[in-house]
Amino acid sequence: SALAQPAGFVPLAQKRFTYPGGIPYKVDTDVGLIRGDQKGYNICNSTTEGPASLCQTALFNSLDDFCFWAPAEPGHTVGEIEGEMIAWCTKAGHGARVIPPGTLQGVQFMKTPDYVQVSGFMDQTKINMIKGDAGGEMDPHGADRRGNPMGGIMFTQSFNGSWVQIEQWHNFMGNDHFCLKACDPAGRDDARFCEHIFDTIGCGGNAPSNAQRDVYESCAGENQDFPPSPRIPTSSSCSQFKSADIYGGCTTVPV
């Protein structure tokens, strides 16, 4: 159940911003609450980019251009620090940390009528996650409605070519698997496709996919059944790429 909050409190999922010029330094300005202050910041650019970045603005566009949430420092399970995760991105230019070579070990991107999704395999130790950690779920909700991570926001150009804030999203990280789904805010069922209450079910029930090890592909697809459901939606029009070409290479993958 949601925790009581002070008068004037605005849940993270109800905060609206425009990218790139309409974002405050910190989205979460609440102080003195149980979980403490927002760990990082939301104005991310060339001055914040690199291995020490604490950027908490994630961008999600395509197979070769997405950011997921992972720890800033090693030594803690996802469950311990899900409120403090930061953005790790597939390419430079977003003011965040760049996912190290060799981390991603098979990725499927899928665009459906109501969401975009990446899912796949990884060596999670390369992004400060503990080996064997079953991980957890990040989303813009949480029991106190400040989000996990607190202040974490997400934008995409994949729906209409313009930057749009994703109001409903979820990201599961753990057991060397990951999945990230961003639901189209123009769709009437974005909160149902991007549910935030089935955290123990993981990717298999929240974001089922045909991701395969060592395969990097961008597909169109049908919507999944509303979570929780293990049925893998049909994918089509898949284009496959070499990892070295799209992550740190010169190939740009169209959506």
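This text walks through two sheets, the loops beside them and the cavities of the structure. The model is a predicted one.

Start with the sheets. Strands of a sheet pair through backbone hydrogen bonds, either parallel or antiparallel. One open sheet has six strands, in the order β4-β3-β2-β1-β8-β9, with mixed pairing. Its edges are β4 (97-98) and β9 (164-165). Each of these has a single partner strand, so one side of each is left without a neighbour in the sheet.

Follow the pairs across this sheet. Strand β2, residues 65-70, runs antiparallel to β3, residues 86-89, and four bridges join the two. Within that pair, Phe68 stands opposite Trp88 of β3. Further along the order, β1 (residues 57-62) meets β8. These two strands run parallel and are joined by three bridges. Here Leu59 stands opposite Phe155 in β8. The next pair is β8 with β9, which is antiparallel and has two bridges. In this pair Thr156 faces Val164 of β9.

Strand β8 deserves a second look. Which residues cover its two faces? Ile153 and Phe155 lie on one side, while Met154 and Thr156 lie on the other. All four are buried, so both faces of β8 are covered. Two of these residues have already appeared: Phe155 is opposite Leu59, and Thr156 is opposite Val164.

Now take the other sheet. It is also open, with seven strands in the order β7-β10-β11-β6-β5-β12-β13. The pairing is again mixed. Strands β7 and β13 (235-241) stand at the edges. Each has a single partner strand, so each has one side without a neighbour in the sheet. From one strand to the next, the twist averages 15 degrees.

The β12 strand is a good place to see the mixed pairing at work. Strand β5, residues 104-111, runs parallel to β12, with five bridges between them. On the other side, β12 (residues 216-221) is joined to β13 by five bridges, and this pair is antiparallel. Ala220 takes part in both pairings. It is the bridge partner of Lys111, and it stands opposite Ser236 in β13. Tyr216 has Phe241 in β13 as its bridge partner. Is β12 mostly covered or mostly open? The strand is mostly covered, with five of its six residues buried.

Next come the loops. The one between β7 (136-138) and β8 (153-156) holds several details, beginning with His141. His141 has a relative accessibility of 14%. The limit for buried is under 20%, so His141 counts as buried. Which residues does His141 touch, apart from its neighbours within four places in sequence? The contacts are Ala13, Arg146, Gly147, Asn148, Gln168 and His196.

Arg145 lies in the same loop, between β7 and β8. Its phi is positive, about 65 degrees, although Arg145 is not a glycine. At 31% relative accessibility, Arg145 counts as partly exposed. Asn148, one of the contacts of His141, leads into a cis peptide bond. That bond runs from Asn148 to Pro149, with omega near 5 degrees. Pro149 belongs to the loop between β7 and β8 as well.

Similar backbone details appear around β12. Asp214 lies in the loop between α3 (203-206) and β12. Asp214 is not a glycine, yet it has a positive phi of about 65 degrees. Its relative accessibility is 61%, so Asp214 counts as exposed. In the loop between β12 and β13 sits Pro228. The peptide bond from Pro227 to Pro228 is cis, with omega near 5 degrees.

Finally, look for empty space inside. Rolling a probe the size of a water molecule over the atoms shows where empty space is left. How many cavities of 30 Å³ or more does a search of the whole structure find? The search finds three. The largest cavity holds about 50 Å³ of space. Its lining consists of Leu12, Ala13, Lys15, Arg16, Pro140, Gly152, Ile153, Gln165, Ile166, Glu167 and Trp169. By class, six lining residues are nonpolar, two are polar and three are charged.

This lining ties back to earlier parts. Ala13 lines the largest cavity and is in contact with His141. Ile153 also lines the largest cavity, and it is one of the buried residues of β8.

Technical notes
Residues are numbered from 1 along each chain as its sequence is written. This is a predicted model: local features need pLDDT of at least 70, side-chain atom pairs count only at pLDDT 80 or more; totals for chains, interfaces and linings use all residues. Side-chain values use heavy atoms; hydrogens and water are left out. On a 1 Å grid over the protein atoms alone, a cavity is a set of points where a 1.4 Å probe fits but cannot get out, and a pocket is an open set with protein on both sides within 12 Å along at least five of seven lines; lining residues have an atom within 4 Å of a point. Grid points are joined across faces, edges and corners, and a volume is the space filled by probe spheres set on the points. Ala, Val, Leu, Ile, Met, Phe, Trp, Tyr, Cys and Pro count as nonpolar, Asp, Glu, Lys and Arg as charged, and the others, Gly among them, as polar. Buried means under 20% relative accessible area, exposed over 50%, partly exposed in between (1.4 Å probe, protein chains only). Contact means heavy atoms within 4.5 Å. Two strands pair if DSSP finds at least two bridges between them. Axes are lines fitted to C-alpha atoms, for helices over the stretch in contact, and angles run from 0 to 180 degrees between N-to-C directions.
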